[in-house]
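Here are a few short exercises to help you find your way around a new structure. Try each task yourself before you read the solution.

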Amino acid sequence: MVQWDGSWKTRLKWGFSALGIVSILLYGSIVIFGYKGSGDLQGFPVPVSAHVMNETKSIKNYKWKPAARE
């Protein structure tokens with residue numbers, strides 16, 4: 001275990017450790033909570049914020065603002 005001695009090297013190590021942990025948690029939350037599995041598409045990931053625009057027997061068209069053509 002690293003003990004705090006107040007040196008810049010120790011602060012740098014703790015800073016990079018904290019940055020790494022926050023990065024992993026942020027990435028994990030985006031991957032886990034950003035998409036839902038579609039039952040119709042055998043679990044194909046659909047963005048949570050996507051909305052069904054129109055639907056037929058075999059096709060669902062989604063609108064998702066980051067991927068919309070304008």
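**Exercise 1. Place Pro-45 and describe its surroundings.**

Task: In which strand does Pro-45 lie, and is the residue buried, partly exposed or exposed?

Solution. Keep in mind that you are looking at a predicted model.

- Step 1: Look for residues 45-47, which make up strand β2; Pro-45 lies in this strand.
- Step 2: Take the relative accessibility of Pro-45, which is 44%.
- Step 3: Compare that value with the cut-offs: buried means under 20%, and exposed means over 50%. Pro-45 therefore counts as partly exposed, because its relative accessibility is 44%.
- Step 4: Now set aside the neighbours within four places in sequence; Pro-45 is then in contact with Tyr-35 and Lys-36.
- Step 5: Look at Tyr-35 again: 10 residues separate it from Pro-45 along the chain, and the two C-alpha atoms are 5.6 Å apart.

**Exercise 2. Follow the chain from element to element.**

Task: How many helices and strands does the protein chain have, and what pattern do they follow along the sequence?

Solution.

- Step 1: Count the elements, and you arrive at 1 helix and 4 strands.
- Step 2: Read them in sequence order, which gives α-β-β-β-β.
- Step 3: Pick out helix α1, which covers residues 8-33 and includes Leu-19.
- Step 4: Leu-19 also belongs to a nonpolar surface patch, together with Trp-8, Leu-12 and Phe-16. The accessible area of this patch is about 470 Å² in total.

**Exercise 3. Work out how β3 and β4 are arranged.**

Task: In which sense do strands β3 and β4 pair, and over how many bridges?

Solution.

- Step 1: Find β3 at residues 51-55 and β4 at residues 60-63.
- Step 2: The two strands pair in the antiparallel sense, over 4 bridges.
- Step 3: Check individual partners: Asn-54 is bridged to Asn-61 in β4, while Val-52 stands opposite Tyr-62.
- Step 4: Look at the link: β3 and β4 form a hairpin, with 4 residues between them.
- Step 5: Ask how well β3 is covered: among its 5 residues, 0 are buried, so by the under 20% cut-off this strand is hardly covered.

**Exercise 4. Step back to the whole chain.**

Task: What percentage of the 70 residues counts as buried, and how much area does the chain expose?

Solution.

- Step 1: Of the 70 residues, 7% count as buried.
- Step 2: The chain exposes about 6600 Å², with 64% of that supplied by carbon and sulfur atoms.
- Step 3: Finally, consider the contacts with a separation of 6 or more: residues 24 or more positions apart account for 2% of them.

Conventions:
Residues numbered from 1 in each chain as written. Predicted model: local features only at pLDDT ≥ 70, side-chain atom pairs only at ≥ 80, totals over all residues. Heavy atoms only, no water. Buried < 20%, exposed > 50% of the residue type's maximum accessible area, 1.4 Å probe, protein only. Contact = heavy atoms within 4.5 Å. Areas by Shrake-Rupley, 256 points an atom, 1.4 Å probe, with all protein chains shown as cover. Pairing = 2+ DSSP bridges. Patch = residues over 30% accessible without salt bridge, like charges linked within 9 Å, V, L, I, M, F, W, Y side chains within 5 Å. Salt bridge = Lys/Arg side-chain N within 4 Å of Asp/Glu carboxyl O.
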